[in-house]
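Visitor: I am new to this structure and would like a close look at a single part, the place where the two chains meet. Please take the salt bridges as the way in.

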Amino acid sequence: MASDRAMRTETRASGRAEDGASTPLLDVRGLGVRFGDRRTGMEVVSGVDFHLMRGETLAIVGESGSGKTVSGKALLRILPKGASVSAGTAMFAGRDGRPPRDLLALSRSDMRAVRGGSISMIFQEPMSSLSPLHTIGDQTAEAVRLHTDLRGAAVRDRCLEVFDQVGFPDPARAYDAYPFELSGGLRQRAMIAMALVCGPDLMIADEPTTALDVTTQAQVLDLIKRLQKDMGLAVILVTHDLGVVANMADRVVVMRKGRVVETGTTEDILERPGHGYTRALIAAAPELPVGKPVHHGGVPDPIFWARNLSKTYAGRRSGIGAAAPEIKAVRNVELAVGRGETMAVVGESGSGKSTIAKLMLRAEEPDAGAEVGFKGADGEVLDVTALSGAALKAFRARVQIVFQDPYASLSPRMAVMDILTEPLRVHGKGGDRERRERAAEMMRKVGLSPEHLSRFPHAFSGGQRQRISIARALMLEPELLVCDEPTSALDVSVQAQVLALLKELRDEMGLSYLFISHDLTVVADLADRVAVMRRGRIVEEGPATLLFENPQHPYTRALIAASPEPDLSRRLDLAAVARGAGEPETWPEPFAYSGDQAPGLVEVAPGHFVRCAA
Amino acid sequence: MAAYALRRFWTMLWTLLLVSMLIFWIVNLPPGDVLTNQIQQLQASGEAASVSKARFLMQEYALDKPMWEQYLIWMGFWPGPHGFSGILQGDLGWSFELDKPVGEVVGEALWMTIALNAFAIVFVYLVALPLGAIAAVKANTWVDYLATFVGYIGLATPNFLLALILYHKGAQWFGLPVGGLMDKQYADQPMSFAKLGDILVHMIVPIIVIGTSGMAAMVRRLRANLLDELGKPYVTTARAKGVSRVNTVVKYPLRMALNPFVADIGNLLPSLVSGSVLVSLVMGLQTIGPILLSALRSQDYFLSGFILLFVSVLTLAGMLVSDLLLAVLDPRIRFSGRRR
């Protein structure tokens, strides 16, 4: 243990001195976690030290595999099967005034009293972290009965009180609701309510907002901050997102490969990072551009465009005989991708952004009246909606797609060579040798070695898999690439690399991109034009730099305000988020509308359109 | 919930109608059943009396009518030679082989079959549930290996072999009565408490024999399902709340793992019925299994048709029960028909 501590590099000794006055709430020393047994197992976390004062927020930052989540779970001793704490102490001084106790040495029943009582935890995916078979009230009340003397109606009252605190509009209804009846944001609020219902001293939040939309994330982060102040709660925030850290944390622990590489105040870490890894992390975090040259104007030479694009789905009938309600996923969208340019479509989940791509590629049929056109390098204009048979197949060879999840989109039973040559086989292009040579060439292009062609996808990391997906999309020499959230399943540093690769390929091969993302900051660098979508409609569209520097629509402003950045001088602007993140009815004039009464797009600057009443 | 149940019941009725058509078609498919043979012989003899008897038989069983009309008459949707008289009216038809009404042939065996299979299902669930749950929670320990071993033996042993073993050793070791479903002295007696008790004791061995392989398969499935569920995040949430180990398993993952378990009720029934034919033969049980077998062999189509229809009703009823139970257990299913 002592040697572990000696081995640690660049641990800043900040904080220790000023803490001398009072005992820390939690003091972790030499924490080690092992997977497997003592002889053959592997240490995934070792020599982790940190401490936490009452009411303080400590962020544990790192990428996947850094051991940050395991460290958090080790404190509560809820490690997954096969993992065990191998070393260290975690002295916890609860509110009860007893002398600090070592969490890692408590008996099982004492530990159960701590879990959910004085230390609670919330997780990344609020849907799968809540039991789908029990009501929110049932799951919350369980914690109350376990840790307090409250019984009967008093339990329910306590739950309702907390539901109100975490911002449920109708606590009584939430009590009887099942998780699948709530939106993602409300589900995470329910998790937070469950964690706070017994008034803990410490809450461990494991990537609490990673699965949420940016505007929802901003609101949930604000909620955690507010509750923390009200209840004197200490928070350990486990996250990969330095933007979230900048907005939440007092102090930061940076982890890499199971070890702490740097500790310090948020200000120190973000503004004067000591370790190279920390600097790399900060550099990789996507940021909104400032002061790039502005390209005014519309799309001069469109390669792929859509007009009057709508899609209506039949909803589920509410009863026998009742008419099925219509769900309008996309309404009257007009969109154009310029040749050699990147058109980004940005919106939160359910905004219809992915549906647009499906409609334009004819993976789904648009409503009648839609017009989709493609004008390839040969100068011939194709009416995509009228294509069928061989013409449609030929069109699909010219427009390829890169999917979101590189783990699901590559067949685990096919070697990379087969994955790459499959499109050529399907379209009957080239001979066997030619296909192999092309596969090798594409591997080099995306920065992988052709020697790895015989390997299977599981041998590659997430970022490498996404490179393979890109190589596959490029095999048919397409003119346009549709990228559907290609980086949202990746770590930030890997994301930055993949984005750089896409940019390089576009400029080198003269590609055009239709880039779909939920995150404005991701597209900021790559996109030439951006369309922001909300509820099936484009609310603002324009040249990227113009849109970022002079956003007009309240929803665009909310998205920008809600994007956390690792910059202490640019905190989340919650007022702006609140103004634009709600329903169209709640937007200020002249942007507000209700139901189908949306105003048209108005050109406020050359090529810059905003949906508002003129 | 009531609407859901009604809707399910409605679907079941339609399915049943379709199944009945299929069954009628299938049992009539092979040529040369008892009745046609008889009629052909009568006609071939050329005697006036025989020819007129053949004509009478043809009319009596509507054989001169087209197939669809025969079906409708059989079901009782259509007036036959004796007015509306089909299955719906309780007239199950005539067994040519045994020269008795089908209702009389099947009679008690019907209730015995229902009782035997119902008990077998209860046995399957009562044993498989704890065994599977323990095997999953204690995965890769000796408890798990023991449960797995018992499960494999149950799966691998043909149930007629198990029947033979218990047939010989059950009586010897445990003093359990074996063979038949009741003592000879009760055979033709009306139902009484003594008879009922005797039947129940006689059922113990058949229940074990019929249920073992289904039970073993279910233990394996429950273990696999529960193992999957145990790794889910909501289990971690429960642990993080400080819920005790046993309660964590019972309240959350076990209930999730129950879904396929409950959905199996419908699938279990037909396999039990058909699987128990051999066992019934070996052990001399008065269930409909052996009757169905001989009826199919001799192409006694009213008899086999009715038994097949009865098994279908049993299956569909099982499905209905499992659907309704699923809706009670799982709010996601309950809500799926409703607008949010």
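Guide: Between chain A and chain B the count is three salt bridges. This is a predicted model, and the distances that follow are computed from it. One of the pairs across the boundary is A:Glu142 with B:Lys251, whose side chains meet at 3.5 Å, N to O. The pair falls within the cut-off of 4 Å between a side-chain nitrogen of Lys or Arg and a carboxyl oxygen of Asp or Glu. In general, side chains of opposite charge can pair when their charged atoms come close.

Polar contact is counted separately: ten residue pairs across the interface of chain A and chain B satisfy that rule, both residues being at pLDDT 80 or more. On the side of chain A that touches chain B, several elements supply at least two residues each: helix H3 (68–76), helix H4 (108–114), strand S6 (119–122), helix H5 (126–129), helix H6 (136–147) and helix H9 (184–196). H6(A) gives the largest share, six residues. Sorted by class, this side of chain A has 16 nonpolar, eight polar and eleven charged residues.

Now the extent of the contact. Chain A brings 35 residues to it and chain B brings 26 residues. The area buried between chain A and chain B comes to about 2,700 Å², and carbon and sulfur atoms give 60% of that. Three residues, A:Leu133, A:Glu142 and A:Phe180, supply 23% of what chain A buries against chain B, more than any other three residues. A:Glu142 is thus named twice, here for its part in the buried area and earlier for its salt bridge to B:Lys251.

The partner, chain B, can be described briefly. Its secondary structure consists of 14 helices and two strands. Taken along the principal axes, the C-alpha atoms of chain B fill a box of roughly 90 × 60 × 35 Å. Chain B has 340 residues, and 45% of them are buried. Of the contacts in chain B with a separation of 6 or more, 69% are between residues 24 or more positions apart. The exposed area of chain B is about 17,300 Å², with 68% supplied by carbon and sulfur atoms.

For comparison, here are salt bridges elsewhere. Over all chains the structure holds 33 salt bridges. Within chain A, the side chains of A:Arg34 and A:Glu43 meet at 3.9 Å, N to O. A:Arg34 counts as buried because its relative accessibility is 13%, while A:Glu43, at 41%, counts as partly exposed.

A second pair is A:Arg339 with A:Asp301, at 2.8 Å, N to O. It links distant parts of the chain, 38 residues apart: A:Arg339 is in the loop between strand S12 (326–338) and strand S13 (342–346) of chain A, and A:Asp301 is in the loop between helix H13 (276–284) and strand S11 (302–314) of chain A. Both are partly exposed, A:Arg339 at 29% relative accessibility and A:Asp301 at 32%.

A third pair joins A:Glu479 to A:Arg398, with the closest N and O atoms 3.2 Å apart. A:Glu479 lies in the loop between helix H18 (462–474) and strand S17 (480–484) of chain A, and A:Arg398 in helix H15 (residues 389–398) of chain A, so this salt bridge ties together parts 81 residues apart in sequence. A:Glu479 is buried, with a relative accessible area of 18%, and A:Arg398 counts as buried at 18% relative accessibility. Finally, A:Arg438, A:Glu441, A:Lys445, A:Glu477 and A:Glu508 are linked in a network of salt bridges.

Methods:
Residues numbered from 1 in each chain as written. Chains lettered and ligands numbered in written order. Predicted model: local features only at pLDDT ≥ 70, side-chain atom pairs only at ≥ 80, totals over all residues. Heavy atoms only, no water. Contact = heavy atoms within 4.5 Å. Buried area = accessible area lost by both parts, 1.4 Å probe. Polar contact = N/O pair within 3.5 Å; in protein donor to acceptor, adjacent residues only side chain to side chain. Helix = DSSP H or I, 4+ residues; strand = E, 2+ residues; numbered from the N terminus. Nonpolar A, V, L, I, M, F, W, Y, C, P; charged D, E, K, R; others polar. Buried < 20%, exposed > 50% of the residue type's maximum accessible area, 1.4 Å probe, protein only. Areas by Shrake-Rupley, 256 points an atom, 1.4 Å probe, with all protein chains shown as cover.
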